[in-house]
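Open the model in your viewer and switch to a cartoon view. This tour goes from sheets to cores, one selection at a time.

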Amino acid sequence: MAIRDEAGGAPGPSSWDSANFTGHSALRRVANATCRRAVVVGLAVLTVLAATALLLCLPFVDRIGPLTAQKSGNARDSSNSSNKLSNDSRANASVNATASARPLAFSSSLFRIAIFTDLHFGEAPSTDWGPQQDRNTTRVMKAVLVHELAGSGGLDLVVLDGDQVTGEDIVASGQNNLTHYLDFIYEPMEALAIPWASVLGNHDDGGVQGDDPVQQPGEFSRKEAVVHEMRKPLSLTREGPPNVTGITNYWLPIMAEANDSAPAAVLFFLDSGGSAVRSGVANYIQSSQIDWFQQESASVQETYGSIPVLVFLHIPVMPSKSLNDAPDFETACDGLRDETNIATQSMDVGLWAAITNGTNVVAVFSGHDHGTSWCCPLAGVEVCFGRHTGYGGYGDWPRGARVVELILKEDSTGRRTAALNRTYVRLESGTLTDEHRSQL
């Protein structure tokens, strides 16, 4: 049974078809494995050398930053205009076919994900300190990537977990330069050839709904941001089904080996909505998203057996508040708890029930609350916050990123699936802190 592409068009990471991965003879598998190991070793050596060189250059990284409004000009390139989005979406099917041709896979016994959240590029662009914040954020991202590549044996994926930009400030500037900020966000991953996937946050909104026309200079839609990102060869981000609320609702398989016929784990991305520009926009996972999530997860489990699921969204699930306030927090949880009144989704219309019943979710990762970066177990799920990465947004806590580490486990039949091993925070300074070992 193949997983359907709900959005239509060419299959992509959110509609992975097992027929694309055929079985091999034992001899061919051995040969492939041998070749892969040789390639991995060679690439690892080159990666460490490149990362070490970049680490030496870190003192100079803050000289590179996003273009200011004056440099980027006042006219939006016609290829990025919102009235071209329908054509762009169709064109993106061929771009994302590349992603389905090279699925995510373990390159060693570990699969490691770095989560960048709340970058807030584009804040106060007409000031001196606004663009400097963006340069500082780029420095944080590069520092984390380099430290992980050089010191921990590799990095397989980056997740941008929402609030990539401060949309209301980009709109207020009237400069039509959203894509310039987005391009600078992607540059650290592109420089090190690391694929990434993203989910939108409440500040990734530019005042335009869907394909509606722009009403004033500077406005943009959430869809426009995703369409631009999907053009990038290393982006695995997908636009979700049109009949499901939100834009970034999709899933990605992680294979034990690239030519395996079944995933070892699945990553789900859910658009938690919200807006700092438009009023009345729901800031919670809605019923259509929950139905889609349950249906897709059920299809995965039915087709491939019990596969662990990790969920990424921006605004935290509602039980996060009770965990943050729990009297046993110090013994049950690990990480920073510097906010006593954290902001979660405003409603739960069945999300937590879906997460804890039948979807095989092992962990949920969110951002949004900048002074919160803990992990706590609850009802068989690790509930975790990313670390505030960007110098934009509120708070002066040390910046960094949460890193998630998966391991492969093999049962008596030889079937391999992933398991959550540990997660920790890598600070801009290189310090590893807030390590949390899975208690499940």
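Start with the six-stranded sheet of this predicted model. Select its strands in the order S4-S3-S2-S14-S15-S16. The sheet is open, and its pairing is mixed. Now pick out the edges: strand S4 (196-198) and strand S16 (432-437). Each of these pairs on one side only. Look along the sheet for the twist: neighbouring strands are turned by 25 degrees against each other on average, direction ignored.

Zoom in on the S16 edge. Strand S15, residues 416-427, pairs with S16 in the antiparallel sense. Four bridges join S15 and S16. Which residue of S16 is the bridge partner of Arg 426? Select Leu 432 to see it.

Go to the other edge and add helix H6, residues 178-191. H6 lies across strand S2 (110-116), strand S3 (157-160) and S4. The helix runs at about 170 degrees to S3.

Next, select the eight-stranded sheet. Its order is S1-S7-S8-S9-S11-S13-S12-S10. This sheet is open too, with mixed pairing. Why do strand S1 (104-105) and strand S10 (334-337) each have a side without a neighbour in the sheet? Both stand at the edges with a single partner strand, so one side of each is left free of a sheet neighbour.

Move to strand S7 (residues 250-255) and strand S8 (residues 263-269). The two pair in the antiparallel sense, over six bridges. Show side chains for Tyr 250 and, opposite it in S8, Phe 269.

Now bring in helix H8, residues 287-304. H8 packs on this sheet and touches S7, S8, strand S9 (309-312) and strand S11 (361-366). Its direction makes about 175 degrees with that of S8.

Turn on side chains for the largest nonpolar core, a set of 31 residues. Phe 293, Val 311 and Ile 355 have the most contacts inside it. At least two core residues come from each of S8, H8, S9, helix H11 (351-356), S11, strand S12 (372-378) and strand S13 (381-385). H8 gives the most, with five residues.

Centre on Phe 293. What does Phe 293 touch, leaving out residues up to four places away in sequence? Its contacts are Phe 268, Leu 270, Val 311, Ala 354, Ile 355, Thr 359 and Val 361.

One last stop: another core, of 29 residues, lies apart from that one. Select Val 146, Leu 160, Tyr 186 and Phe 220, which are among its members.

Key. Residues numbered from 1 in each chain as written. Predicted model: local features only at pLDDT ≥ 70, side-chain atom pairs only at ≥ 80, totals over all residues. Heavy atoms only, no water. Pairing = 2+ DSSP bridges. Axes fitted to C-alpha atoms, helices over the stretch in contact; angles between N-to-C directions. Contact = heavy atoms within 4.5 Å. Core = buried A, V, L, I, M, F, W, Y, C linked by side-chain atoms within 4.5 Å. Buried < 20%, exposed > 50% of the residue type's maximum accessible area, 1.4 Å probe, protein only.
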